[in-house]
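Work through the exercises below with the sequence and the structure at hand. Each task is followed by a solution in steps.

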Amino acid sequence: MAQSNSFINDFDASIATAFGALVKATKAAGRLGDDIAFHRTLDESVDARLEQASQRTLAMANHLWMTSRADASLPITSADDIAMRDSEGQWTSGPQFSTVIDAVDTLLERIDVGLDELAKNSAHQLRTSVGAQSAAVVTSVSGRSDVRVVHAQNMPRPQLQFRDTIDNSPNTPFVWRIRSKPHARVPLDYGLPSAAIAGSTLGQHLQTLGISRPGTPGGGSSGAGTPRRNKQSPELSANLLADALAGAATALPHPYEYEIKHYEAPARLFAEAQPLAPRDWDTTPFTFVDTPELLAVMLGHLAGATEIAIDLEHHNFRSFQGFTCLVQLSSRTQDFVIDALVLRDSLHQLNTVTADPQITKVFHGAESDIVWLQRDFGVYVVGLFDTYHASHVLNMEHHSLAHLLRMFCAYDADKRYQLADWRIRPVPAEMMRYARADTHFLLYIFDRMRNDLVQRGTRLVGEDVATPGAPHFGELAGGIDRVQSAIQPMQVVLQRSAQTALTLYIKESYDADTGMGSGGWAQLLRKWKQPLSPTQVSVLRALHSWRDACARDEDESTRYVLPNHMLFALALKCPTDVAALLAACHPTPPPVRMHAADLVVLIARARSASESRIHEIMAHEEAPRPMAPVHTRFADPVEESTDDVLTPAVLSSAQAIVSPMSALFGPIAKPTASDTEAQRRALQVRATLVLQPAKPTAVVTPTEPEFTLVTSKRKRPEPTRPAEPVVISETYAEYHAPAPQRKPAPPVDPMQLPKIALGDIDDTSDDNGSKPKKSISKKAKKRKTLSKPSVSSTDVTPFEYADNPDTEVIGESAAPVNNKKHKRQNRVAKSFDPYSQISTTKELSKKPNRSRVSQKSGNRSMTFKK
């Protein structure tokens with residue numbers, strides 16, 4: 001202890017001494033030659049001293065090894081575990097070389113963090129370049145112009161200076177912090193078991209707080225445990241308290257529960273009054289309370305007020321449970337801001353004001369504020385008016401404080417400092433203005449909302465405000481269907497505010513197995529959209545459990561220790577070394593960097609346990625299981641066997657099916673001789689018979705009828721075709737007369753063919769030897785058509801079908817012939833030549849015919865267009 005104190009008091013000298021010893025040992029080790037083994041064989045004393053030094057060094061290394069790593073079951077047994085020589089005499093890394101490097105990095109990180117913590121503590125005179133707090137810096141969030149983050153570097157942790165011990169354990173219940181109960185209507189130990197907890201840990205703790213005095217059975221004026229009159233909350237018994245101390249987080253009852261439930265609101269809350277406008281910002285007196293003397297002056301001023309406004313500023317990023325940094329209070333004439341970090345142990349005196357039922361305490365959204373007040377200071381509120389509940393009863397469009405300030409006070413609240421670090425001291429002017437504005441206008445908002453509640457209650461007595469279509473639908477809400485009295489809206493607001501004031505602070509529990517709870521891993525897994533394998537889920541559970549334990553031990557938030565996105569990144573990647581782990585977490589949180597080696601071991605163990613569990617499940621599934629009875633539609637044919645032959649031995653061994661005794665008529669009459677002879681003959685006949693195996697009856701399943709196309713019974717008449725071709729006219733018969741058959745050409749002797757020279761071949765002829773026909777121009781076709789003789793309709797004699805016996809008139813059933821379609825089908829398709837439209841070089845030099853130039857093509861080539 002003396003050495004540690006001297007190290008802290010003279011830091012620089014201690015560092016110089018340690019560094020000098022390290023340099024001296026390094027130089028001595030460097031002077032040892034490679035032939036040290038030879039010298040050890042020459043002198044036994046040298047060998048013994050070297051062996052002793054090696055063992056001491058190895059013991060120190062193992063001690064550091066076990067301190068820095070969670071896996072302490074693998075100590076270093078020899079130097080070969082770290083480094084060894086190969087066959088060529090070169091040094092190579094041993095099997096635990098990488099783990100030793102990780103352990104050294106972890107130790108250096110812890111030393112660095114420890115030195116920073118010492119440097120931030122003003123009680124130790126260390127180097128000022130390490131622990132000085134920088135000035136407050138305002139940073140804007142990317143993409144959010146309405147949010148500003150105010151922070152500072154080297155911020156000291158205020159909880160290190162708290163006199164009360166912070167208990168983050170999930171198994172111990174929260175105990176009251178108050179020692180007295182101002183404005184009490186029942187004693188402080190009301191509802192607590194008294195003699196039953198005498199001598200227990202909880203009883204001793206209550207005695208130290210002055211709540212339960214030794215020697216008094218009840219600790220109060222009654223001399224016995226006061227029975228609880230609240231039937232809604234379970235009565236605390238000795239067994240329940242014992243279970244709470246053993247591990248179950250059972251909270252104590254609310255010390256002001258009776259006063260809150262029997263609160264009698266002042267009459268001024270149910271009558272209209274002239275709203276008092278807030279005083280000008282610059283002319284309103286403002287006091288920053290950071291000393292006990294100023295706290296006493298403030299309490300004296302607030303004791304004479306009828307309404308006060310209260311608000312809190314909280315910090316929970318560098319603390320597991322969080323703590324209150326500022327408390328703002330405003331009366332009709334003054335504004336106060338209390339430094340809750342400095343006066344943390346003295347703020348329980350606020351109960352003289354907050355528990356007074358004659359003073360109305362105005363909050364906005366007081367659910368969190370009520371919990372923080374009783375957790376940090378032991379302060380409870382009696383006579384609460386929450387403007388948040390009033391906005392709901394009045395059925396306003398929005399319920400935020402910024403909306404109320406804009407609606408009633410025409411003041412735009414600057415909400416850019418909601419993410420500010422309220423631990424910064426001194427508090428910047430912008431942050432102080434933001435904190436003061438939360439309560440400066442709140443009492444005027446209370447006046448306006450009180451008048452609205454009273455006016456609507458008086459005007460809407462007996463009216464239906466919940467049925468759609470009613471004349472006054474939606475003017476009041478909050479569970480009011482029909483207004484019963486003028487004070488009903490105010491009573492609903494006060495009842496809801498009382499339920500908020502009865503909120504108890506309960507420490508957050510943690511279940512690592514099931515992952516249930518607000519901070520459990522099960523809820524995170526439900527929100528994660530990407531599926532995880534069983535191994536990854538096992539790693540996630542292990543890391544989540546480590547994060548919760550580390551946050552509780554170090555009094556840090558889980559977001560600071562390991563954010564959720566980094567938690568899932570490690571579960572997905574499952575890194576196997578420190579380098580991969582640090583690469584998966586960027587920027588790496590300081591707790592992760594300090595415990596990087598432990599996390600690698602933790603991940604490896606989780607993977608191994610999950611894989612072994614999977615192998616067990618697979619082996620269990622592959623084990624042979626008893627076959628379940630299978631239903632068969634048709635049984636397999638049974639081979640004939642002689643076992644079914646009814647021999648006399650088989651029949652004699654069979655039991656009688658018919659009982660010889662009748663239940664109604666007694667014993668059956670004995671058979672006669674003739675019956676016996678008949679039975680004997682029957683047995684002989686049956687003995688010669690062989691029972692055939694029963695054949696299964698084929699199961700006939702109904703089949704669906706085949707689909708048949710239902711046609712009409714009326715048949716369509718088919719046209720009659722004559723045996724001979726139908727002749728309509730002579731011209732038609734002549735046109736459709738069959739062509740005469742051509743006579744086959746006589747065979748040609750190839751030897752008699754004339755010889756043709758290559759020069760005699762005409763390139764213009766086609767394959768058949770005939771010259772190609774010249775295409776007829778449009779003008780020639782037109783002249784040919786005009787040259788035909790015209791025939792008048794009067795010169796044509798109509799053909800008489802009835803007078804010609806060789807013709808048959810076709811009725812209306814014969815469809816007329818479509819000449820255009822007939823010609824289109826019989827038309828011979830013209831062969832398409834894609835190169836026919838390409839102009840030669842000679843033609844391109846000519847002047848184009850402008851009458852045929854297309855406006856779209858611009859006389860360009862239309863090669864591949866028909």
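**Exercise 1.** State the strand order of the open six-stranded sheet in this predicted model, and explain why β5 and β10 each have one side without a neighbour.

Solution. The order is β5-β8-β7-β6-β9-β10, and the pairing is mixed. β5 (286–289) and β10 (384–386) are the edge strands; each has a single partner strand, so one side of each lacks a neighbour in the sheet. On average, and with direction ignored, neighbouring strands of this sheet are turned by 25° against each other.

**Exercise 2.** Describe how β6 is joined to β7, and find the bridge partner of Asp311 in β7.

Solution. β6 covers residues 307–315 and β7 covers residues 323–330. The two strands run antiparallel and are joined by seven bridges. Asp311 has Gln328 as its bridge partner in β7.

**Exercise 3.** Determine which strands helix α10 touches and which strands helix α12 lies across.

Solution. Helix α10 (residues 292–302) packs on the sheet and touches β5, β6, β7 and β8 (335–339). The direction of α10 makes about 140° with that of β8. Helix α12 (residues 367–376) lies across β6, β7 and β9 (360–363), and runs at about 75° to β6.

**Exercise 4.** Classify the packing of helices α16 and α17 by angle, then list the residues that make the contact.

Solution. α16 (residues 442–459) and α17 (residues 488–501) pack at about 135°, with their axes 7 Å apart. Angles over 145 degrees count as roughly antiparallel and 65 to 115 as roughly perpendicular; α16 and α17 are therefore oblique to each other. α16 contributes Arg450, Leu453 and Gly457 to the contact, and α17 contributes Pro489, Met490 and Val493. By class, the contact has four nonpolar residues, one polar and one charged.

Methods: Residues are numbered from 1 along each chain as its sequence is written. This is a predicted model: local features need pLDDT of at least 70, side-chain atom pairs count only at pLDDT 80 or more; totals for chains, interfaces and linings use all residues. Side-chain values use heavy atoms; hydrogens and water are left out. Two strands pair if DSSP finds at least two bridges between them. Helices (H or I, at least four residues) and strands (E, at least two) are DSSP runs, numbered from the N terminus. Axes are lines fitted to C-alpha atoms, for helices over the stretch in contact, and angles run from 0 to 180 degrees between N-to-C directions. Contact means heavy atoms within 4.5 Å. Angles under 35 degrees count as roughly parallel, over 145 as roughly antiparallel, 65 to 115 as roughly perpendicular and the rest as oblique. Ala, Val, Leu, Ile, Met, Phe, Trp, Tyr, Cys and Pro count as nonpolar, Asp, Glu, Lys and Arg as charged, and the others, Gly among them, as polar.
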